[in-house]
Amino acid sequence: ILIKGGVYLEEGRKLKWLALDKTGTITHGKPALTDFVVWGDANPATSRLLAASLAARSDHPVSLAVARAAEGEGLIPCDVADFAALPGRGVRGSVDDHSYHLGNHRLVEELGVCSPELESRLAALEAEGKTVVMLVGPEGVQALFAVADTVKENSRQAIADLHTLGVKTMMLTGDNPHTATAIAGQVGIDRSRGNLLPEDKLHEVEQLSADGKTGMVGDGINDAPALARADIGFAMGAAGTDTAIETADVALMDDDL
């Protein structure tokens, strides 16, 4: 454990709340593709290739799962121009002068391509604890990719130990609320919030701080603002991004909660 100052040792015993990211913190952060659903009249092979091409450029665990599945099938990603990460939403890029997005429920709503049928299918997959990203092209949604992550073996015990110490817990995730509730229930976390952007995680930590000393545990660039705002920020060091590790006050170098 790397502790960047004596004050964080002194303040640790006063923590009243600990907020935790989900992917890579509570879970292994190595989700695998479980479902591929073609939407509308889209071509299955083309949709998989386009999604894989966008996913291969991203370092988000969900994108990596989509990319790994395509790689396992021997798909070779095509060139992507104007690639951009959309924090808390997904990614975008151009292939053959056409713009494509690969992202979550929030992104699809912001692009204005959601529908009751799509909402229904999403709800069914999310109720199973899965995370869904969608490929959106010029004609709208082309395909759904559902991935599932596994909870770390030590997460439940770590949460139980925190509760024994009198520390209350909350999970903050960009994932959908259904999955957030399912994972929080599995490990015994007191509260959960889903569909959060980096600024939303920051806001939640600010709200908790009004109730007492608050810590934040995370591993991704989406967690950095909340890690910086918390009284003590804890980064999952082995799998964490450089931004998270630099921002945090404490780094857990073996990712063991």
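Analyst: Two strands pair if DSSP finds at least two bridges between them, and that rule is applied here to a predicted model.

User: What makes E3 and E8 count as a pair?

Analyst: Six bridges join E3 to E8, and because the rule asks for at least two, these strands count as paired. They run antiparallel, and one of the bridges links leucine 33 with valine 147 in E8.

User: Which sheet holds E3 and E8, and in what order do its strands stand?

Analyst: They belong to an open sheet of six strands, ordered E3-E8-E7-E6-E5-E4, with antiparallel pairing. E3 and strand E4 (81–86) are its edge strands, since each pairs on one side only. From one strand to the next, the twist averages 15 degrees. Helix H6 (residues 116–127) lies across E3, E7 and E8, and runs at about 10 degrees to E8.

User: Why are E1 and E10 called edge strands of the other sheet?

Analyst: That sheet is also open, with seven strands in the order E1-E13-E12-E11-E2-E9-E10 and mixed pairing. Strand E1 (2–3) and strand E10 (191–193) each have a single partner strand, so one side of each is left without a neighbour in the sheet.

User: How do you know that E11 and E12 are paired, and in which sense?

Analyst: Strand E11 (residues 214–218) and strand E12 (residues 232–236) share four bridges in the parallel sense, and because at least two are required, the pair qualifies. Within it, valine 217 has phenylalanine 234 of E12 as its bridge partner. Helix H9 (residues 198–209) lies across strand E2 (17–20), strand E9 (168–172), E10 and E11, and its direction is at about 165 degrees to E9.

User: Why is aspartate 175 called buried, and what does its side chain meet?

Analyst: Its relative accessible area is 8%, and because buried means under 20%, aspartate 175 falls in that class. Aspartate 175 sits in the loop between E9 and helix H8 (177–187). Its side chain makes a polar contact of 3.2 Å with that of lysine 22, and another of 2.4 Å with that of threonine 131; because the limit is 3.5 Å, both distances fall within it. Leaving out residues up to four places away in sequence, aspartate 175 touches Lys22, Thr131, Gly194 and Asn195.

User: Why is lysine 30 placed in the opposite class, exposed?

Analyst: Lysine 30 has a relative accessibility of 66%, and because exposed means over 50%, that value settles the matter. Lysine 30 lies in the loop between H2 and E3, where, not counting residues up to four places away in sequence, it touches Arg68 and Asp149. Its C-alpha is 8.6 Å from that of alanine 148, although 118 residues separate the two along the chain.

User: What makes the length of helix H4 agree with expectation, and which elements cover its buried residues?

Analyst: Helix H4 (residues 61–72) has twelve residues and reaches 16 Å from first C-alpha to last, close to the 16 Å expected at 1.5 Å a residue. Among its buried residues are Val62, Ala65, Val66 and Ala69. An α-helix has 3.6 residues a turn, so residues three or four places apart point the same way. The cover over the buried residues of H4 includes helix H2 (22–26), helix H3 (44–55) and strand E7 (131–137). After H4 comes glycine 74, with a positive phi near 80 degrees.

User: Why are cysteine 78 and cysteine 114 called partly exposed?

Analyst: Cysteine 78 stands at 25% and cysteine 114 at 26%; because partly exposed lies between 20% and 50%, both belong there. The count of disulfides is zero.

Terms used
Residues are numbered from 1 along each chain as its sequence is written. This is a predicted model: local features need pLDDT of at least 70, side-chain atom pairs count only at pLDDT 80 or more; totals for chains, interfaces and linings use all residues. Side-chain values use heavy atoms; hydrogens and water are left out. Helices (H or I, at least four residues) and strands (E, at least two) are DSSP runs, numbered from the N terminus. Contact means heavy atoms within 4.5 Å. Axes are lines fitted to C-alpha atoms, for helices over the stretch in contact, and angles run from 0 to 180 degrees between N-to-C directions. A disulfide is a pair of cysteine sulfur atoms within 2.5 Å. Buried means under 20% relative accessible area, exposed over 50%, partly exposed in between (1.4 Å probe, protein chains only). A polar contact is a pair of N or O atoms within 3.5 Å; within protein, one must be able to donate a hydrogen and the other to accept it, and residues adjacent in sequence count only if both atoms are side-chain atoms. The expected span of a helix is 1.5 Å times one less than its number of residues.
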